[in-house]
Structures are given as structure tokens and as C-alpha cells.
Amino acid sequence: MVLAVFMWMLGTYTWAQAMPDNQQVIIAKAIMVKNLVTMTTDDQAHQAIKRGQTLALGNTVTTGNKGRAILRFNDGTLATLGSNSSITIKQFVVNRDEKRGLLEFTKGALRVVTGAITRTQAPDF
């Protein structure tokens, strides 16, 4: 149920910052990181993340025991991950013709405060 609500919120309005061809599109930024929080990229590379870390499509953020992170998406949406949580950015697109997003929340606790994502005339739910 929580995942379905979250997918609805992300599916209605999203935005991405374009980067040069050789770099990924920045979708979100870690604005708060406490204790162990890691990121896994598409090529399965793992790294600890710190405040200010940018996130792109395909990135998975995982919090450890007592770990916590707040992610700010480019539309202003805030996602707070509790300890022992995991979320993957599957889709996040916004332009004049297309507004959709998909996050895969696989475990733990998640709280979402929406930004521009809910400002639509015909939400898709």
C-alpha cells in the first residue's frame, strides 16, 4: 500500500537536471545523512554517501543500522529513509509532454513529503 501511494505521488510530476552526454542525469541530492548510508550504482559499485551526494537513475540508497537519510528530489519532494531501508530510483522524468517517476522501495521505513509532484490537474491514481 505504501509503495503504491509513493508511486502515485512520483508518477504525477517529476523533473530531472540534464547533464553532458558522458554523465548521468542528476535526480536527487542527499541533504542529510546520519551514520551508515551507502549508494549502489548501475554497475554495482558501492560507496558511502555524505551530505550533498547527487543521485541518478539506477542508484540505490541503503541505510544501515541506525542509519538515516533525507533525499531531496529535483521537484522539491523530500524522501526520508529510516534505518535498514533501501530505495532505488527506477524512473524520474519531467518535461512538457511527460511526467512520471518510479522508485522501488524494498525494505525499511520511508516518509515522503511531496513537492511539485502533486501539482497536476489530473493525477494518475
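The legends below describe several close-up views of one predicted model.

Because this is a predicted model, local features need pLDDT of at least 70 and side-chain atom pairs count only at pLDDT 80 or more, while totals for chains, interfaces and linings use all residues. Residues are numbered from 1 along each chain as its sequence is written, and side-chain values use heavy atoms, with hydrogens and water left out.

**View 1. The open sheet of five strands.** The strands of this open sheet follow the order 4-1-6-7-10 and pair in the antiparallel sense, where a strand is a DSSP run of E with at least two residues, a helix is a run of H or I with at least four, both are numbered from the N terminus, and two strands pair if DSSP finds at least two bridges between them. Strand 4 (54-56) and strand 10 (110-113) are the edge strands, each pairing on one side only. On average, neighbouring strands of this sheet are turned by 25 degrees against each other, direction ignored, with axes taken as lines fitted to C-alpha atoms, for helices over the stretch in contact, and angles running from 0 to 180 degrees between N-to-C directions.

**View 2. Strand 6 and its two partners.** Strand 6 (residues 68-73) pairs with strand 1 in the antiparallel sense over six bridges, and in this pairing Val33 stands opposite Ala69. Four bridges join strand 6 to strand 7 (residues 78-81), again antiparallel; here Ile70 has Thr80 as its bridge partner, and Leu71 has Ala79. Strands 6 and 7 form a hairpin with four residues between them, and Gly76 in the turn has a positive phi of about 100 degrees.

**View 3. Phe73 in the largest nonpolar core.** A nonpolar core is a set of buried Ala, Val, Leu, Ile, Met, Phe, Trp, Tyr and Cys residues joined through side-chain atoms within 4.5 Å, and buried means under 20% relative accessible area, exposed over 50%, and partly exposed in between (1.4 Å probe, protein chains only). The largest such core has 19 residues, and Phe73 is among those with the most contacts inside it. Leaving aside neighbours within four places in sequence, Phe73 is in contact (heavy atoms within 4.5 Å) with Ile27, Ala28, Ala79, Ile89, Phe92 and Leu103.

**View 4. Gln24 in a loop.** Gln24 is found between helix 1 (2-12) and strand 1 (26-34), and this residue counts as partly exposed because its relative accessibility is 42%.
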